[in-house]
Amino acid sequence: MSNTEPGPPAADGRAGRAVGGYLTVFNVAMLTVVAVASLRSLPTMATYGLGSITLYVIPALLFLVPVALVAAELATGWNGGVFVWVREALGARWGFQAVWLQWIQNVVWFPVQLAFIAASIAFVFDDQKLAGSGLYTAAVVLVLYWLSTALTLRGGNLFAKVGSWGGLIGTIIPGVLLIVLGGMWVATGQESQTPLHGGDIIPPFTGIASIVLIVSNFLAYAGMEVNAVHANQMRDPGRGYPKAVFVAVAVILGVFILPTLAVALAVPKSQLGLTTGIDLAFKVFFEHWNMPWATNIVAAAIAVGALASVVTWIAGPSKGVLAAARTGLMPPWMQKRNAAGVQQSILLVQGLIVTALAALFVVIPNVSTAFFTLVDMAAALYLIMYMMVFASAVKLRRTQPGVHRAYRVPAMKTVAGTGFAASAAGFLLGFWPPQGLSGIPPHAYPLVMAAVILVLGLPPLLFYRLRKPRWDQRGTGELAQDAKAGG
């Protein structure tokens, strides 16, 4: 829980303390775990059995570790997250573009995460057919999204408490429980639904499809940087934030790999649906040990954890967009805040987009197709932002070497270069139609992706071109802070 002892305001745009209560290492680590380590991707990876270990480790080395290291240095050198990092290196236009991409991909992602919650709720009520209903899924997405928005609008550090404890209840505990149940399954000699030979750790190579699979899994680790905007709310961000990041990395790998293997042990490959595999695994385990009632409880807990991640993401990227907007990059009506200081106009626009996207679950009969389509849309937009962040980290080392970073990445060019190359590969391969896609012709898929990237990615460039002096809503204090930060 966060310490309520007040701290002095930050003196400039670099790493400082928050006004109000401090966030602890636990808070920030758990917020990061909740933002990144969703149980949602486990069923897809469980189809590869022991091979999933390799499919998790390679992206972790090429993407997760570079993102974690670079975000730790940038967050302890400059307050403000992605917007400030890229602005300081590449200018206000591209800083705005980066934080917009972080935000808009997040908006596209909300229906995906909420659809996962809808499937868990269906298991709570012992009605698995509901998970395949587009109308039901869309209704749950809308109700839970707007409830999460209402919570965010209350302001304060309530989102941190919800994110921390929701992540513990709905992500960490179910993940640990899967590990324990999987271990008991093996120890008691039960039949495994996946081969457990040492050679199976290396998945079969099937050409471009295997490369696409590995690269697409990069996005399972996306979000490590999202809570960097809260680094200044820690008592000692220079030491606390890097520590929180590395704790989160270790937990994330554990949450992904071991529960995935547990799911693979219990559920036949043919039954591993995109949104129902986790709940099916618990159903198999608990029914075997005559505890069928426990499935409903765990499904409810998983829904709570997934909802906590939504609350966390609503609070983060939209806050970054507001910071950019107040420098004169968006019209005044988009900068309106409520009495609690929360970005109400941005959250309203965000909600309208989510509402429109939720309709995809009704328009596209196959829930899995809608799910895949939204995931790929979000991934393409997000990877552009990551390329900008990696490039900015390298440039800032050269152009602003005197700025104090409480943590400095060793071999920055190598680390950031690896992350940049991985992100570029992921972006290009995102135009490759996923296997088993229905509803969108394979030849049209790249065109759909390109259209989505243009429609959702161009607005910040238009806002920047049309900006007017009166759009700058900063007060004297904010202008002084930005001047000291180099803005």
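Here are a few exercises on the chain above, each with a worked solution.

Before you start, keep in mind that this is a predicted model, where local features need pLDDT of at least 70, side-chain atom pairs count only at pLDDT 80 or more, and totals for chains, interfaces and linings use all residues. Residues are numbered from 1 along each chain as its sequence is written, and side-chain values use heavy atoms, with hydrogens and water left out.

**Exercise 1. The whole chain**

Task: How many helices and strands does the chain have, and what percentage of its residues is buried?

Solution.
- Start with the secondary structure: there are 19 helices and 2 strands. Helices (H or I, at least four residues) and strands (E, at least two) are DSSP runs, numbered from the N terminus.
- Next, burial: of the 487 residues, 57% are buried. Buried means under 20% relative accessible area, exposed means over 50%, and partly exposed is in between (1.4 Å probe, protein chains only).
- Then the surface: the accessible area is about 18900 Å², and carbon and sulfur atoms hold 68% of that. Areas come from the Shrake-Rupley method with a 1.4 Å probe; for residues, only the protein chains shown count as cover.
- Last, contacts, meaning heavy atoms within 4.5 Å: take those between residues at least 6 apart in sequence, and 80% of them join residues at least 24 apart.

**Exercise 2. Two helix lengths**

Task: What spans do α3 and α12 have between their end C-alpha atoms?

Solution.
- The expected span is 1.5 Å times one less than the number of residues.
- Helix α3 (residues 51-75) has 25 residues and should span 36 Å; its end C-alpha atoms are 35 Å apart, which agrees.
- Look along α3, though, and you'll find a kink of about 50 degrees centred on A60. The bend at a residue is the angle between axes fitted to the seven residues ending there and the seven starting there.
- Now helix α12 (residues 317-329): with 13 residues, a straight helix would span 18 Å, but α12 spans only 16 Å.
- Check burial too: 19 of the 25 residues of α3 are buried, and for α12 the count is 11 of 13. Among the buried residues of α12 are P317, V321, R326 and L329.

**Exercise 3. A helix pair**

Task: Are α6 and α13 roughly parallel or roughly antiparallel?

Solution.
- Find helix α6 (residues 134-152) and helix α13 (residues 344-358): their axes come within 10 Å and cross at roughly 170 degrees. Axes are lines fitted to C-alpha atoms, for helices over the stretch in contact, and angles run from 0 to 180 degrees between N-to-C directions.
- Apply the cut-offs: under 35 degrees is roughly parallel, over 145 roughly antiparallel, 65 to 115 roughly perpendicular, and the rest oblique.
- So α6 and α13 are roughly antiparallel to each other.
- For the contact itself, α6 supplies residues including L142, Y145 and W146, while those from α13 include L348, Q350 and L352.

**Exercise 4. Partners far along the chain**

Task: Which residues do A98, A393 and Y464 contact, leaving aside those within four places in sequence?

Solution.
- A98 sits in helix α5 (residues 92-124) and is buried, at 0% relative accessible area. A98 touches V82, V86, M385 and M388; the C-alpha atoms of A98 and M388 are 6.9 Å apart, with the two positions 290 residues apart in sequence numbering.
- A393 belongs to helix α15 (residues 367-399) and counts as buried at 1%. Its contacts are V70, L74 and M412, and its C-alpha is 8.4 Å from that of E73, 320 residues away along the chain.
- Y464 is in helix α18 (residues 459-466), buried at 13%. Y464 contacts A92, R93 and L329, and F96, 368 residues apart from Y464 in sequence, is 8.3 Å away C-alpha to C-alpha.

**Exercise 5. Positive phi**

Task: Where are N290 and A411, and are they buried or exposed?

Solution.
- Most residues other than glycine have a negative phi.
- N290 has phi near 55 degrees, a positive value. N290 lies in the loop between α10 (277-288) and α11 (293-315) and is exposed, at 67%.
- A411 also has phi near 55 degrees. A411 is in the loop between α15 and α16 (412-429) and counts as exposed at 52%.
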